[in-house]
Amino acid sequence: MAQGSRQIQSQAQQQIQTLSPQQILVVKLLELPAVELEDRIHAELLENPALEEGKEDAATDEYADGVSPEEGMDNDANDYDSLSDYLTEDDIPDYKLQENNRSRDEQAEDIPFSDATSFYEILKEQLRERNLTEHQCELVEYLIGSLDDDGLLRKSLESICDELAIYAGIESTEEELEEALCILQDFDPAGIGARNLQECLMIQILRKKSEEKNPSPILNLEERIISDCYEEFTRKHWEKIIKKLDVREETFNEAIAEITKLNPRPGASLGETIGRNLQQIVPDFLVDTYDDGTINVSLNNRNVPELRMSRDFTEMVEEHTKNKANQSKESKEAMMFLKQKMDAAQGFIDAVKQRQNTLMTTMQAIIDLQRPFFLEGDESLLKPMILKDVAERTGLDISTISRVSNSKYVQTNFGIYPLKFFFSDGYTTEDGEEMSVREIRKILKECIDGEDKKKPLTDDELADILKEKGYPIARRTVAKYRQQLNIPVARLRK
């Protein structure tokens with residue numbers, strides 16, 4: 001790494017040392033959608049005897065004078081102070097936070113939702129089928145999460161290496177990431193994990209070659225065109241390529257025809273291959289919009305149990321404190337075990353509370369920023385919004401907003417949407433007017449859907465039409481949005 005990168009790495013390592021186990025737990029819970037949170041809580045209930053499911057009762061005050069697991073363990077009688085920290089507000093299962101943070105009972109329990117399976121999830125399924133070390137799995141999974149919507153990796157391995165250290169607490173080298181990327185690029189569909197279009201096409205060509213015992217001359221020519229004449233290929237300088245590779249025009253045209261069949265957006269291709277399937281989506285948020293313009297938001301906690309410190313466990317702690325002056329070594333070790341479990345139980349309850357609070361704060365900010373959509377349900381009313389906008393409104397880190405937005409859904413009066421649906425870039429015109437890219441893409445698709453397929457519109461013509469409709473964007477921007485919609489160029493739409 002360069003000097004600057006080493007400095008960043010050094011800073012990252014310094015930052016990791018300040019992360020407490022409690023902070024790491026909060027981050028991990030924050031990333032979980034509703035169903036996975038339920039599983040995580042049930043697993044914790046099974047693992048930690050100091051934690052139990054249920055509401056607070058009147059027996060709380062009986063244990064006001066006991067042992068505080070927050071104090072240190074040594075021979076001093078003052079080691080054992082009070083259980084009050086564990087049996088007052090922290091023991092009350094109030095982490096639902098707000099009065100309206102209720103479940104819609106059966107209404108939100110099983111909601112059929114037609115959704116395209118995320119290619120991220122499909123790639124993770126392929127990852128689970130590989131026989132890899134735990135460290136390799138961590139690296140490949142992080143790379144999967146770093147892919148753009150088209151399945152390409154546009155972040156540098158150097159920056160990902162720093163991100164792993166700072167945000168995930170995982171130490172790695174660029175060489176290890178390179179190996180992990182090779183593993184990812186072996187996944188289906190071919191082209192996933194490529195760092196640019198050239199690499200994407202090469203991966204697909206080489207995959208085809210590996211599947212053929214005797215690769216055809218055309219396939220070999222495809223490889224030579226992309227590897228040796230890529231710049232000429234992108235500029236469509238066919239004569240230069242023919243001359244440079246010394247091939248017949250007919251053979252060259254056949255190779256080009258095959259190359260144009262390759263997929264420049266393997267991520268989108270994966271979604272189309274899977275198609276739209278009916279799956280059960282459990283929304284994390286429930287948003288109700290009323291005729292008077294009131295918008296209420298709540299967390300869908302229908303199966304999230306309320307948590308408290310175990311009564312039996314606190315009684316055991318009291319038993320161990322009765323004869324503290326003459327405690328044996330075994331008794332002290334038992335007390336240490338009890339305190340560790342109580343610390344873990346308290347930390348878990350606090351982490352669940354913090355997760356719920358952060359989710360509610362983030363969702364409320366999204367509603368405030370996208371209020372017109374939640375009132376009308378019209379996609380064209382969505383304003384340009386990025387993670388930074390929500391972070392600034394909530395005072396939370398961008399990385400926190402990203403974790404909240406990932407793999408979570410909201411049920412509205414108009415349907416169920418992934419939180420990522422509400423984020424989109426903005427386009428600013430020469431007059432300083434900000435437009436939603438989503439709105440422009442919608443109009444662009446309408447123009448293409450309504451074109452004469454015998455004479456499809458070129459990007460220049462589309463730019464002119466959009467300009468007439470009040471969207472003055474350049475031809476290259478039209479091409480960019482057309483590619484994002486997975487729509488081919490005019491000559492391929494005939």
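## Phe421 and its aromatic partners

In this predicted model, Phe421 has a relative accessible area of 16% and is therefore classed as buried, the limit for that class being under 20%. Its ring pairs with that of Phe373 in a tilted arrangement, with 5.8 Å from centre to centre and 55° between the planes. Phe373 is likewise buried, at a relative accessible area of 1%.

The two rings come from separate elements: Phe373 belongs to helix H17 (residues 371–376), whereas Phe421 sits in the loop between strand S8 (415–418) and strand S9 (426–428), so the pair ties together parts that are 48 residues apart in sequence. Both residues also belong to one aromatic cluster, which is formed by Phe373, Phe374, Phe414, Tyr417, Phe421 and Phe422. Over the whole structure, a search finds 12 aromatic pairs.

## Salt bridges

Side chains of opposite charge can pair when their charged atoms come close. A search of the whole structure finds 19 salt bridges, and three of them are described here with the accessibility of residues that take part.

Asp449 and Lys445 are joined by a salt bridge with an N to O distance of 3.0 Å. Both residues lie in helix H20 (residues 437–449), where they are 4 residues apart, or about one turn of the helix. Lys445 counts as partly exposed, with 39% relative accessibility.

The side chains of Glu451 and Lys453 also form a salt bridge, at 3.0 Å from N to O; here Glu451 is buried, with a relative accessible area of 10%, while Lys453 is partly exposed at 37% relative accessibility. Elsewhere, Glu178, Arg195 and Glu199 are joined into one network by salt bridges that share partners.

In the salt bridge between Arg248 and Glu250, the N to O distance is 3.9 Å, which falls inside the cut-off of within 4 Å. Arg248 counts as exposed, at 59% relative accessibility, and Glu250 also counts as exposed, at 53%.

## A negative surface patch

Glu36, Asp39, Glu121, Glu125 and Glu129 form a negative patch on the surface. Two helices, H3 (34–47) and H5 (119–128), each supply at least two residues of this patch. Asp39, one of the patch residues, is found in helix H3 and is partly exposed, with a relative accessible area of 48%. That value is compatible with membership of the patch, because patches are made of residues with over 30% relative accessible area and no salt bridge.

How values were computed. Residues numbered from 1 in each chain as written. Predicted model: local features only at pLDDT ≥ 70, side-chain atom pairs only at ≥ 80, totals over all residues. Heavy atoms only, no water. Patch = residues over 30% accessible without salt bridge, like charges linked within 9 Å, V, L, I, M, F, W, Y side chains within 5 Å. Areas by Shrake-Rupley, 256 points an atom, 1.4 Å probe, with all protein chains shown as cover. Lys, Arg positive; Asp, Glu negative; His and termini not counted. Charge placed at Lys NZ, Arg CZ, Asp CG, Glu CD. Buried < 20%, exposed > 50% of the residue type's maximum accessible area, 1.4 Å probe, protein only. Phe/Tyr/Trp six-rings, centres within 6.5 Å; stacked < 30°, edge-to-face > 60°.
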